[in-house]
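Me: I should like to learn how to read a structure such as this one. May we begin with a single turn of the backbone and then proceed to the whole?

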Protein chains: 2
Amino acid sequence: MAKKTRITNNIRTLRFMAGEMTQQQLADEVGVTRQTILAVENGKYSPTLELAFAIAKVFGRPLEEVFSYEDE
Amino acid sequence: MAKKTRITNNIRTLRFMAGEMTQQQLADEVGVTRQTILAVENGKYSPTLELAFAIAKVFGRPLEEVFSYEDE
DNA sequence: ACATGATGTATGAAAAAGCTAACATCATGA
DNA sequence: TCATGATGTTAGCTTTTTCATACATCATGT
C-alpha cells in the first residue's frame, strides 16, 4: 500500500453508546488484548480485517460505520 | 484475534465483471504488487483494512460485498 | 486517605502482511 | 512453433500488527 490513506474509527463513541462498554470488555469479546483495542481506538495503527469485522459485529454495525477510509 | 475466523472474497469474480481486469491492473490501482493481490485473492492471508478498503473502492462496492467475515 | 477500575504509555518480542525477485505453467495468437 | 501475457509458486526480507508485561494517571467510592 504505497498510497497515503487514513483509517479513522468511532470505537470510543460506540463503546459508550453500548452502555459504557470498557476497552477490556470489547477486547474480551473480540479476543484481543486491551492494548490492541487502545491502539486501534487511538489510531496508533489500523486493525487487521478480521479484527475490524469482529469489532463491527460487536456493535451490530456494518464495518463502514465503524471504520472510515479516506484516500488522499 | 484468538477466535477462528475466516475471510472470503469475490475478487476474482469482480475482476472479470470489471472487464477482465488483470491482477496486475488491480495491483497497480491499489498500489501493491501482483503477488499481494494473488495471495489475497487465493486466501493465503487477508489484507490489511487499508488494502481491503482500496480494493472495494476500485470495484465501486461496499467493503462487505467484496470481503465476507465468517466467525465460527 | 486508600483501594479500585478505567485509561494511557513504554518496551521488547512474536506473528502476520507485504515486498522483491526468480522461475513455472498455461492459453492465446502471430 | 514460438512469443507473450496472465496466473501460480517459492524464498528471503522488511514493516506492521499484536502480545505480554509493567507502570503511571485519574476519577470514584468507601
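Me: What phi does A:Gly60 take, just after α4(A)?

Reply: Helices (H or I, at least four residues) and strands (E, at least two) are DSSP runs, numbered from the N terminus. In this predicted model, A:Gly60 follows just after α4(A) and takes a positive phi of about 65°.

Me: On what conventions does this reading rest?

Reply: Residues are numbered from 1 along each chain as its sequence is written, chains are lettered from A and ligands numbered from 1 in the order in which they are written. As the model is predicted, local features need pLDDT of at least 70 and side-chain atom pairs count only at pLDDT 80 or more, while totals for chains, interfaces and linings use all residues; side-chain values use heavy atoms, with hydrogens and water left out.

Me: Is helix α4 of chain A mostly covered or uncovered?

Reply: Buried means under 20% relative accessible area, exposed over 50%, and partly exposed in between (1.4 Å probe, protein chains only). Helix α4 of chain A, residues 49–58, is mostly covered, with eight of its ten residues buried. Among them are A:Leu49, A:Phe53 and A:Ile55, and A:Glu50 is also buried. For chain A as a whole, buried residues make up 40% of the 72 residues.

Me: Where does A:Gly31 lie, and how does A:Gly31 count in accessibility?

Reply: A:Gly31 belongs to the loop between α2 (23–30) and α3 (34–41) of chain A. Its relative accessibility is 25%, so A:Gly31 counts as partly exposed. From A:Glu20, A:Gly31 is eleven residues away in sequence and 19 Å away in space, C-alpha to C-alpha.

Me: How many helices and strands are there in chain A, and which pattern does chain A follow?

Reply: Chain A has five helices and two strands. Along the sequence, their pattern is β-α-α-α-α-α-β. The radius of gyration of chain A is 12 Å, close to the 11 Å that the globule rule gives for 72 residues, so chain A is as compact as a globular protein of that length. This radius is taken over C-alpha atoms, and the rule is 2.2 Å times the number of residues to the power 0.38.

Me: What rotation superposes chain A on chain B?

Reply: Copies are superposed by least squares on the C-alpha atoms of residues with pLDDT of at least 70 in both. Here a rotation of 180°, with 0.0 Å of shift along its axis, superposes chain A on chain B (RMSD 0.0 Å). The two copies are therefore related as by a two-fold rotation axis. The same surface serves both copies, as 100% of the contact residues of chain A recur in chain B, where contact means heavy atoms within 4.5 Å.
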